[in-house]
Amino acid sequence: MVTLLVGLALANPSHEAIDGASWQEVTRRSHADAGEVVVYRATVAGIDCFRGTAAVDVPAEKMLDVVADVEGAVRWSSAGVTDAKLLSQAANGIDYYQYLDVPGWTMASDRFWFLHGTLQKGPESWSLRWTRLIDGGDHSEEWKKLKEDHSSAIEPPVNVGSWVFAPNEGSTQMTYSVCTQPGGSIPVAVQNAATKKTLPDTLGDVVREARKR
């Protein structure tokens, strides 16, 4: 069984490689908020990646507002985000971190990530694409402080993905793609199983929050 070591240098797949990957359907699930969610899997640059898609009756721009509200995820996400901060913002990009409180019964460490997100706002699609900021990027002091305050927390060595919302004849096709590795001692197979199971809820969180706005 393969595990990952903390600090192991792994290459993050490019967005171009993710978009051009050969995605294979692995499951479907009916979700109360997102409707039918189709989950796909692909191997990109040696990394297991997952994608979820759904057609929903929510405007694309509203859902982009939700996923770009990185600090608000503490309130609307069911993933366990307990802390988040927008570190910097430009016309088409944001730097941010989020902290994930992993339940103690899992015997796993908490996770955190420092990311750069690139925003595209219409007209054909609305999207947020993110990549990992190595050692916090321009926010190294915040990165160091978080590591000092949460010495047992682990930053996934691979974290790249996207949200894409494309208007389509009265509905919006939403696509969530993520390539990540857990870091620490969590077996990759366990992480993959968890991602496949919880991915529909990730889409549902966004749809539910967008309908409130």
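**Exercises on a predicted model**

By the sulfur-distance rule, this predicted model has 1 disulfide.

**Exercise 1. Find which cysteines form the disulfide, and work out its handedness.**

Step 1: Look for the sulfur pair. Cysteine 49 and cysteine 179 have their sulfur atoms 2.0 Å apart, and the cut-off is 2.5 Å, so the pair counts as a disulfide.

Step 2: Check the torsion. About the S-S bond of cysteine 49 and cysteine 179 it comes to about 115°, so the disulfide is right-handed.

Step 3: Place the two ends. Cysteine 49 sits in strand E3 and cysteine 179 in strand E9 (residues 171-181), so the pair ties together parts 130 residues apart in sequence. Both cysteine 49 and cysteine 179 are buried.

**Exercise 2. Decide whether arginine 51 is buried or exposed, and find what its side chain meets.**

Step 1: Locate it. Arginine 51 belongs to strand E3 (residues 47-56).

Step 2: Compare with the cut-off. Buried means under 20% relative accessible area; arginine 51 has 14% relative accessibility, so it counts as buried.

Step 3: Look for a polar partner. The side chains of arginine 51 and serine 177 share a polar contact of 2.7 Å.

Step 4: Widen the view. Beyond four places in sequence, the contacts of arginine 51 include Trp23, Tyr40, Tyr176 and Leu199.

**Exercise 3. Trace the order of the strands in the open sheet and name its edges.**

Step 1: Read across the sheet. Its 9 strands go E1-E2-E3-E9-E8-E7-E6-E5-E4, with antiparallel pairing.

Step 2: Pick out the edges. E1 and strand E4 (81-90) each pair on one side only, so by that rule they are the edge strands. From one strand to the next, the twist averages 20°.

Step 3: Inspect the E1 end. Strand E1 (residues 24-31) and strand E2 (residues 35-44) run antiparallel and are joined by 7 bridges. A hairpin of 3 residues links E1 to E2, and histidine 31 has glycine 35 in E2 as its bridge partner.

Step 4: Do likewise at the E4 end. Here 8 bridges join E4 to strand E5 (residues 93-100), again antiparallel, and alanine 90 has glycine 93 in E5 as its bridge partner.

**Exercise 4. Work out how the buried residues of helix H2 are arranged, and what H2 lies across.**

Step 1: List them. In helix H2 (residues 60-68), Ala60, Met63, Leu64, Val66 and Val67 are buried.

Step 2: Look down the axis. The buried residues of H2 fall within an arc of 155°, so they line one face of the helix.

Step 3: See what lies beneath the helix axis. H2 lies across E3, E5, E6, E7, E8 and E9, running at about 25° to E7.

Definitions and conventions
Residues are numbered from 1 along each chain as its sequence is written. This is a predicted model: local features need pLDDT of at least 70, side-chain atom pairs count only at pLDDT 80 or more; totals for chains, interfaces and linings use all residues. Side-chain values use heavy atoms; hydrogens and water are left out. Helices (H or I, at least four residues) and strands (E, at least two) are DSSP runs, numbered from the N terminus. Buried means under 20% relative accessible area, exposed over 50%, partly exposed in between (1.4 Å probe, protein chains only). A polar contact is a pair of N or O atoms within 3.5 Å; within protein, one must be able to donate a hydrogen and the other to accept it, and residues adjacent in sequence count only if both atoms are side-chain atoms. Contact means heavy atoms within 4.5 Å. The arc is that of the directions from the helix axis to the C-beta atoms. Two strands pair if DSSP finds at least two bridges between them. Axes are lines fitted to C-alpha atoms, for helices over the stretch in contact, and angles run from 0 to 180 degrees between N-to-C directions.
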